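The following note is meant for a colleague who is coming to this structure without any earlier acquaintance. The points are numbered so that they can be taken up one at a time.

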Amino acid sequence: MIQFKNVSKEFADGNKVLKNINLTINNGEFVFLVGSSGAGKSTIIKLLLKEMEPTAGTIIVGDKDITKYKRREIPYHRRNIGVVFQDFRLLQEKTVYENVAFAMEVIEAPPKEIRRQVPIILSMVGLSKKAGLYPQQLSGGEQQRVSLARAMVNSPSILIADEPTGNLDPDMSWDIMKTLSEINQRGTTILMATHASDIVDKMKKRVVEIENGIITRDEMRGGYSSEA
Amino acid sequence: MKLRTGKFFIREGFRSLKRNSTMSAAAITSVIAALLVIGIFFIIVINIDYAATKLESQIEMMVYLEDGLSENIIDTMKTEIRSINGVKSVEFISKATALSNLEKNWGENSYLLEGLEGDNPLPDAFLITLSDPSDASGVALSVSSISNIEKVVYGKEELANLLNATYVMRMSSVVIILILLFISVFIIANTIKLTLYARRREIGIMKFVGATDWFVRMPFIIEGIVVGMIGAVVSTAILGAGYYYCSDLVKNQMIGFMSISLMPFNQIIISMVMLLLIVGVVIGAVGSLISVRKFIKV
């Protein structure tokens, strides 16, 4: 469970990006986070990852108040949250397999576990045959699936997707959405920030809209904009 | 730390060394330069110490006697001196022996001494060797309280000068070494900063998939240590070879009245290797820690 309780974030320059946000996301939900650029979507993601601290309020992930975590506890918190970005963030000099294995290596997973887990996750995202290729040999959609595999390889309970289809053409975007749905059906909670109105409209999932740091809409099976 | 993690760190450390080979070469060169100078100062200080102890152990005391003492009195004095604490041996040197010693020392110039046999101006003397040179002043005091003694002479000033020179040398070495250490640390920190910059994507990924701070830092620290170690090995090799050659060259050269020789190669080499290796590793580690600390904020 993810819970924001009266969360506010004010930057040093006095800009209030989040104003008293209250939001609860249950385990296994699929939530779209929509709103114009600068509305506060990425701040919510950064707060969840503890890349920044809220000015006020508490944020609960699982059953822990993450605002109370000490610095050295942050890495362990992040292992429970997979992230994919608009720009994929793959290592160009590593193969598909190595990029995914890297996420396990750096949390000191046993090599046996790595050899077992990486092929499973690659077949889940449909890239078993491309394991030995380098990112620049892949299409954008395939690269995003590699980054999905990397995000999921340590079996996090939450997946955050920050504009995952932002750099992809419509066909590839739907590929990714299909994979995300599958991941969600296996029980992973998904929070996806997006501007892709057609995707939000067709998926019929929960939509949380944020504008000027305030949640203006929270609908089950909603559309991208309130009229839809 | 697990073994495989260690392997991961070492592999990554060497990989980035290779990737920024120009900058790494610059860093290694600066470490070599710094360690060479540090090593030279170490050699100088050690050898001054070595010469000082050698000289101290050679210290002898001459006790000049008043003229015209009878054999009886001389014998009593000898026994008296021998009973003083810290005196190892006492040898009587008569004025005649002293003159013939002088003639021997002067060699072909000894004709200048001809005719002195009749009216020998040299005094009778005792030659005292000491069991511990640091007792010299105490022994000198006890000896001069015995009657019929004209003068007690030992290399007091020479010893003091030498110890003084050692002190000055030590102090200036410390200052120079500190400056050099500072420069090397700075250069290593800059090298590592470039590596960090080149690998910022990788660092970012490591952080969001949940690598611990130490896990992210470690490869860079290893890289710094490797730079320091390579520098240490090269500079030890240069200094070792140089020292081996020089100590052979200098062996038993006379400078003035002092017989000079360098500390034997096999006595100095181990401490030199240890010193340079430790200093190299420490400046490498400290240098990379400085830049890593600034760069890797979660």
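1. A residue is called buried here if 20 or more other C-beta atoms lie within 10 Å of its own. By that criterion, buried residues make up 40% of the 228 residues in chain A, and the reader should keep in mind throughout that this is a predicted model.

2. As to the elements of chain A, the chain has seven helices and ten strands. Among its contacts with a separation of 6 or more, 67% are accounted for by residues that stand 24 or more positions apart.

3. Six strands of chain A form an open sheet, and their order across it is β6-β7-β8-β3-β9-β10, with mixed pairing. The edges are taken by β6 (81-85) and β10 (214-219) of chain A, each of which pairs on one side only. From one strand to the next, the twist averages 15°.

4. Within this sheet, one pairing deserves a separate look: strand β3 (residues 30-34) of chain A runs parallel to strand β8 (residues 189-193) of chain A, and four bridges join the two. A reader who wishes to find this pairing in the model may start from V31(A), whose bridge partner in β8(A) is L191(A).

5. Which strands does helix α1 (residues 41-48) of chain A lie across? The helix lies across β3, β6, β7 (158-162), β8 and β9 (206-211) of chain A, and its direction makes an angle of about 145° with β7(A). Helix α6 (residues 170-185) of chain A, for its part, lies across β3, β7 and β8 of chain A, running at about 150° to β8(A).

6. Turning to the other chain, chain B contains nine helices and six strands. Of the 298 residues in chain B, buried residues make up 29%. Where contacts in chain B with a separation of 6 or more are considered, residues 24 or more positions apart account for 86% of them.

7. The two chains also meet, with 16 residues of chain A in contact with 16 residues of chain B. On the side of chain A that touches chain B, the elements giving two or more residues are α2 (74-78) and α3 (96-105) of chain A, and α2(A) gives the most, with four residues. By residue type, this side of chain A divides into ten nonpolar, no polar and six charged residues.

Notes. Residues are numbered from 1 along each chain as its sequence is written. Chains are lettered from A and ligands numbered from 1 in the order in which they are written. This is a predicted model: local features need pLDDT of at least 70, side-chain atom pairs count only at pLDDT 80 or more; totals for chains, interfaces and linings use all residues. Two residues are in contact if their C-beta atoms, placed from the backbone, lie within 7 Å. Ala, Val, Leu, Ile, Met, Phe, Trp, Tyr, Cys and Pro count as nonpolar, Asp, Glu, Lys and Arg as charged, and the others, Gly among them, as polar. A residue is buried if 20 or more other C-beta atoms lie within 10 Å of its own, exposed if 12 or fewer, and partly exposed in between; C-beta atoms are placed from the backbone. Two strands pair if DSSP finds at least two bridges between them. Axes are lines fitted to C-alpha atoms, for helices over the stretch in contact, and angles run from 0 to 180 degrees between N-to-C directions.
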